[in-house]
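Student: Hey, can we go through this one together? I'd like to start with how the chains meet.
Tutor: Sure, let's bring it up.

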Amino acid sequence: MSFWNPADVGFAVRGKLADLGRGARLFARLVGDVRGLRRFSLVRDQVHFLGNYSLAIIAVSGLFVGFVMGLQYFYGLQRYGASESVGVLISLSLLREFGPVITALLFAGRAGTSLTAEIGLMKAGEQLSAMEMMAVDPVRRVLSPRFWGGVIAMPLLSAVFCAAGILGGWVVCVPLLGIDAGAFWGQMQNGTDVFRDLGNGVIKSIVFGFTVTFIALLQGYEAQPTPEGVSRATTRTVVVASLAVLALDFLLTAMMFSI
Amino acid sequence: MQRSNKDIWVGLFVLIGAAALLFLALQSANLLSLNFQKTYTVTARFDNIGGLKPQTAIKSAGVVVGRVESITFDDKNFQASVTLALQSRYSFPKDSSLKVLTSGLLGEQYVGIEAGAEEKNLQPGDTITATQSAVVLENLISQFLYSKAAEGSEQPATSNKK
């Protein structure tokens, strides 16, 4: 069987197109199901599962990213005698890029995988089919609360990450490296805008919340209902979500911060 | 019992997130100093504003007394027309002059306002015409080169100066 057999190529392309279409339809159903937020107890359970349990890893990573950024920016800027600007650089790079992006990557690894595995196993165990048999829509009962839970949790996690990072940068710069605290905060406050930097960062993290949670749910929902299929879907969640986040980040940055 | 426990934890999570946002807005983006002070606007004409942008600080004696509100180009007299929002608690004489300055060698640009001597103060809507443009490095260098070249060719240096 040749790879270039037109029929095979056509089959593969049709398969991909069908996947894309199913994905788009699922996305539209999930986004359209804003009323799913009214089932508050379900959404709350998911925010608890996705948000609270990710809090520790996000905060600790943010702290260490802040440490490292403080050190690196300090060494870089010292050459130009501008080490006081370290504060504004830390806050801008965290709020604009690192906060939303690293949070989304960690979230894909920490929470996205568990979503995929959970949904994939539910599918493999025919729990989703059983729900359909009982006239319960699994998209609305199972997927939608997880989706909105992730969308709610992501901006909050991103804010925690940024705050921890700025505190980490402060710890390295002010007490350890001896930068003046007034210059550190003053430069940061002069150079950071609430709407342009913080607002756009929050928008980014909301977009990433939609992206990562949706990809995780889609991979679980479309997984082959076998142990192998679920493991593959879990891997794919991390790969696809990370790539999507990085690519989307580039697009969003180009749109938001172009002059 | 278990349910209400979870409620508390989720509430705590949301609270921590909101606190982080608040911390970012207040401590790093300085929301408070943004626009809650009353201001009055005056316009100024500059020949060249250099890299001035909206929201640039206006400083007098190094103290921030306002922000640049908007910058437009006036095609009647081919000058930049800059709208300045000065804080109401500060008033300046009518003949105050403006300069586009740079903080440090590579720092950001700001507008310096120097008080004049007149008795009357600036009123909202006034126009300041006593302005000094931003220093454009290329112009400085070309002036310097021209004067050097003029010296070299033994011509009177004044003839080539603008």
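Student: So how many residues does each chain bring to the contact?
Tutor: Chain A brings 23 residues and chain B brings 19 residues. Two residues are in contact if their C-beta atoms, placed from the backbone, lie within 7 Å. Bear in mind that this is a predicted model: local features need pLDDT of at least 70, side-chain atom pairs count only at pLDDT 80 or more, and totals for chains, interfaces and linings use all residues. As for names, residues are numbered from 1 along each chain as its sequence is written, while chains are lettered from A and ligands numbered from 1 in the order in which they are written.

Student: Which elements of chain A give two or more residues to the side that touches chain B?
Tutor: Those are α2 (40-78), α3 (86-124), α5 (138-176), α6 (181-191) and α7 (194-221) of chain A. With seven residues, α2(A) gives the most. Helices (H or I, at least four residues) and strands (E, at least two) are DSSP runs, numbered from the N terminus.

Student: And how do the residues on that side of chain A divide?
Tutor: There are 13 nonpolar, six polar and four charged ones. Here Ala, Val, Leu, Ile, Met, Phe, Trp, Tyr, Cys and Pro count as nonpolar, Asp, Glu, Lys and Arg as charged, and the others, Gly among them, as polar.

Student: OK, new topic. How many helices and strands are in chain A?
Tutor: Chain A has eight helices and zero strands. Its C-alpha trace spans about 65 × 50 × 35 Å along the principal axes.

Student: What about chain B, how many of each there?
Tutor: Chain B has two helices and eight strands, in the order α-β-β-β-β-β-β-β-β-α along the sequence.

Student: How much of each chain is buried?
Tutor: In chain A, 44% of the 259 residues count as buried. In chain B, the buried share is 19% of 162 residues. A residue is buried if 20 or more other C-beta atoms lie within 10 Å of its own, exposed if 12 or fewer, and partly exposed in between, with C-beta atoms placed from the backbone.

Student: Back to the helices of chain A. At what angle do α3(A) and α8(A) pack?
Tutor: About 150 degrees, with their axes 8 Å apart; α8 of chain A covers residues 227-256. Axes are lines fitted to C-alpha atoms, for helices over the stretch in contact, and angles run from 0 to 180 degrees between N-to-C directions. So α3(A) is roughly antiparallel to α8(A), the label for angles over 145 degrees.

Student: Which residues make that contact?
Tutor: From α3(A), they include V101(A), L105(A) and G112(A), and from α8(A), V230(A), T237(A) and D249(A) are among them. The residues of this contact divide into twelve nonpolar, nine polar and one charged.

Student: I also clicked on L252(A). Where is L252(A) found?
Tutor: It's in helix α8 of chain A.

Student: Why does L252(A) count as buried?
Tutor: Because L252(A) has 20 other C-beta atoms within 10 Å. Leaving out residues up to four places away in sequence, L252(A) touches K204(A) and V207(A). The C-alpha atoms of L252(A) and N200(A) are separated by 9.0 Å, though these residues are 52 apart along the chain.

Student: Last one: how many residues of α1(A) are buried?
Tutor: Just one of its 27 residues, so α1(A) is hardly covered.

Conventions
Angles under 35 degrees count as roughly parallel, over 145 as roughly antiparallel, 65 to 115 as roughly perpendicular and the rest as oblique.
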